[in-house]
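Hi everyone, thanks for making time this morning. I'd like to walk you through a structure, so please have a look at it while I talk.

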Amino acid sequence: MAEKKIVIIGAGYAGVHAAKKLAKKYKRDDSVEITLIDRHSYHTMMTELHEVAAHRVEPNDILFDLRKLFNRTKVKLVTDNVTHVDHEKKVVTTEIGTFSYDYLVLGMGAEANDFGTPGVKEHGFTLWSWEDAVKLRTHIEETVRKAATEPDEAKRKAMLTFIVCGSGFTGIEMVGELIEWKVRLAKDNKLDPEDFTLYVVEAAPTILNTLDRTDAGKAEKYLEKQGVKILKNSAIVEVKPDSIKLKSGEEIPTHTLIWTAGIKANSDTKDYGMSSGRAGRLLVNEYMEAEGLKDTYVVGDLAYYEEDGKPIPQIVEAAEQTGATAAKNIIAEISGGQKTAFKGKYHGTMVSIGGRYGVANLSGIRLSGWFANFMKHIVNIYYFLTISSGYYIWQYIKHEFFHTKDKRNIFRDVTTRYGNVIWTFPIRLYLAWFWIEEGGSKIWGATKWAEKDLFSGLGSDSWIVDKSVKMPFEWLQTATSGASEWAEGGAEATAIAPPILDTMPGWFEAIMKVMMPTPEVAIFMQGFVGIFEFALGLLILFGLFTWLAGFASVSMLLMFTLTAMLGWDKFWALPASFAVMNGAGRFLGLDYYVLPFLGKKLGNWWYGKERAIYKDHKK
């Protein structure tokens, strides 16, 4: 039975980070139990909500299943709504049960703050959850579709006017996506992109106020160049169904107001009986302990702590660091060690303005355009490394670089993969025969292999193969066949194309000596290479594990090149090997059946089956 129970509420950036750190520390310690409670069975990548809202990526691309994140860890997952926290009895009450705890971590994050502005809740759209993003995306698509057939010019103009309130990261990233998306929306609905009007409305005299003025100036210049109208010193005082009203009295007709003007603490915590500060954030000390409470920690956007006179910023890096601080101090409490005070260390800021442009300041290094967005991708990938999720690194790379459309990534459409693989079928067959022939000539000997009539049933005049013309594979014979077998090549052997490299590089020769230190090992490798090549050819021929087979083919050819044995007449096989790695086995190949089957079976075995609700905790 567990002696210490840790309950974490909220699977945001901070909660996940704290749970990962605690799970690693107590991986083999059965005396510690860790339970993670969230109302969803997934972790949302909040920094990518604008990409879903503006149809750059699909909604499920930013949802990361908790089972996959915590596969094979001791973290128990519970999908439920927390209704009450009893600090005296140390009990968390949810809609389906109760959970006792010795240490509690609150990381429920924040929610949109409309500051009481009339009409925002009724007629505006926020962007602080996955549900918000999907709702906004659906609204925009339906509004543009209706506008395309609206005969009233004034009404159509209002329907095609999109206003973002707030010029923080979320607001600017959202309008940046709209700049790119409007081109596709216009094309699909037979409109002109110039029919769309985009606004950024900011109550302050400047935009992007968390950036320095140099970087903010670059962003503002780019937005204006793209036709975005930026209204500064312009607070919105009312939102109506078909317009917004500014403090100046001016009204702007619109059917879409996206409110990103601020956030506040999760309102669920207002009944927890805890001290709060600005925007409802819960007060904590330097150890992330809730003010006036023992064994209760608050992390992420929910925590309010001033460092050097400034509150902890509500950014991902700060959330991760507060989560790590809470985890370290819980570990210190359990083991009797020294607690660690929070010390924020932020490596910079970056904002993407669409998929192709951004600005960033990384510890004093200023970047803009392509490099800024590239670094944002690197940071996101690094995040998955910090939570040990190689699976989601690959998923992120796929949806950000291979599955986008309309040039909406830093590589434009160069890396986008939406074509079929029918046209790689002929080269797949040719490459397969290359390796079958190569392996066969080593297993049975070049002369004996050449004498085999594999197509005897087709007749001597078959058009499929002309036995008078055969591909010369003798370039590898010196390494894989006996001297007498090589000599049998006779005059044919002298017709070999010149090798790509004249001599083996010294560094590679040293590696080969380590790999084959004795003649016995070399002889074994001679036999193994032939069998491997033959098997490789069969895999490619039948389209089974084609990506791995293609990778092995590339590796073999590179090795033969470095050993100065690959002739220029065989160089075609290298680009062909890369080509078949593009899913060539899915057309008239076994990969079409085998890979989905294995993916499902192995995924369920390794991660467990994904569920909408997790109930790991035993009452």
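I'll start with the overall picture, then go through salt bridges, the nonpolar cores and a surface patch.

One thing up front: this is a predicted model. The chain averages a pLDDT of 88, and 91% of the residues score at least 70. Please be careful with residues 453-495, though, where the pLDDT is below 50. In the model, that stretch still has 50 contacts beyond near neighbours in sequence.

Now the overall picture. We have 619 residues, and 47% of them count as buried. The chain has 21 helices and 27 strands. Its C-alpha atoms fill a box of roughly 95 × 70 × 45 Å along the principal axes. If you take contacts between residues at least 6 apart in sequence, 69% join residues at least 24 apart. The accessible surface comes to about 30,500 Å², and carbon and sulfur atoms account for 58% of that.

On to the charged side chains. How many salt bridges does a search of the whole structure find? The count is 24. Let me show you three of them.

Take Lys-90 and Asp-295, whose closest N and O atoms are 2.5 Å apart. Both partners sit in loops: Lys-90 between strand 6 and strand 7, and Asp-295 between strand 20 and strand 21, with 205 residues separating the two. Is each partner buried or partly exposed? Lys-90 has a relative accessible area of 22%, so it counts as partly exposed. Asp-295 has a value of 7%, which means it is buried.

The next pair is Lys-376 with Glu-173, at 2.7 Å from N to O. Lys-376 belongs to helix 10 and Glu-173 to helix 7, so this bridge ties together parts 203 residues apart in sequence. Both of these residues are buried.

My third example is Glu-533 with Lys-442, at 3.2 Å from N to O. Here the link runs from helix 18 to helix 12, across 91 residues of sequence. Glu-533 and Lys-442 are both buried too. If you'd like a cluster to click through, Glu-51, Arg-56, Glu-177, Glu-180, Glu-400 and Arg-408 are joined into one network by salt bridges that share partners.

Let's turn to the nonpolar interior. Which residues touch the most other members of the largest nonpolar core? They are Val-92 and Leu-106, in a core of 107 residues. Helix 7 supplies the largest share of this core, with eight residues. That is the helix where we met Glu-173. If you zoom in on Val-92, its contacts beyond four places away in sequence include Val-7, Ile-37, Phe-99, Tyr-101 and Leu-104.

Apart from the largest core lies another one, of 22 residues, including Leu-431, Leu-536, Ala-552 and Leu-557.

Finally, the surface. There is a nonpolar patch of about 570 Å², made by Leu-539, Phe-545, Trp-547, Leu-548, Phe-551 and Leu-595. Helix 19, residues 546-562, gives the most to this patch, with three residues. Leu-539 lies in helix 18, the helix that also holds Glu-533. With a relative accessibility of 30%, Leu-539 counts as partly exposed.

That's my tour. Thanks for listening, and I'm happy to go back to any of these spots on the screen.

Notes. Residues numbered from 1 in each chain as written. Predicted model: local features only at pLDDT ≥ 70, side-chain atom pairs only at ≥ 80, totals over all residues. Heavy atoms only, no water. Salt bridge = Lys/Arg side-chain N within 4 Å of Asp/Glu carboxyl O. Helix = DSSP H or I, 4+ residues; strand = E, 2+ residues; numbered from the N terminus. Buried < 20%, exposed > 50% of the residue type's maximum accessible area, 1.4 Å probe, protein only. Core = buried A, V, L, I, M, F, W, Y, C linked by side-chain atoms within 4.5 Å. Contact = heavy atoms within 4.5 Å. Patch = residues over 30% accessible without salt bridge, like charges linked within 9 Å, V, L, I, M, F, W, Y side chains within 5 Å. Areas by Shrake-Rupley, 256 points an atom, 1.4 Å probe, with all protein chains shown as cover. pLDDT = per-residue confidence, 0-100.
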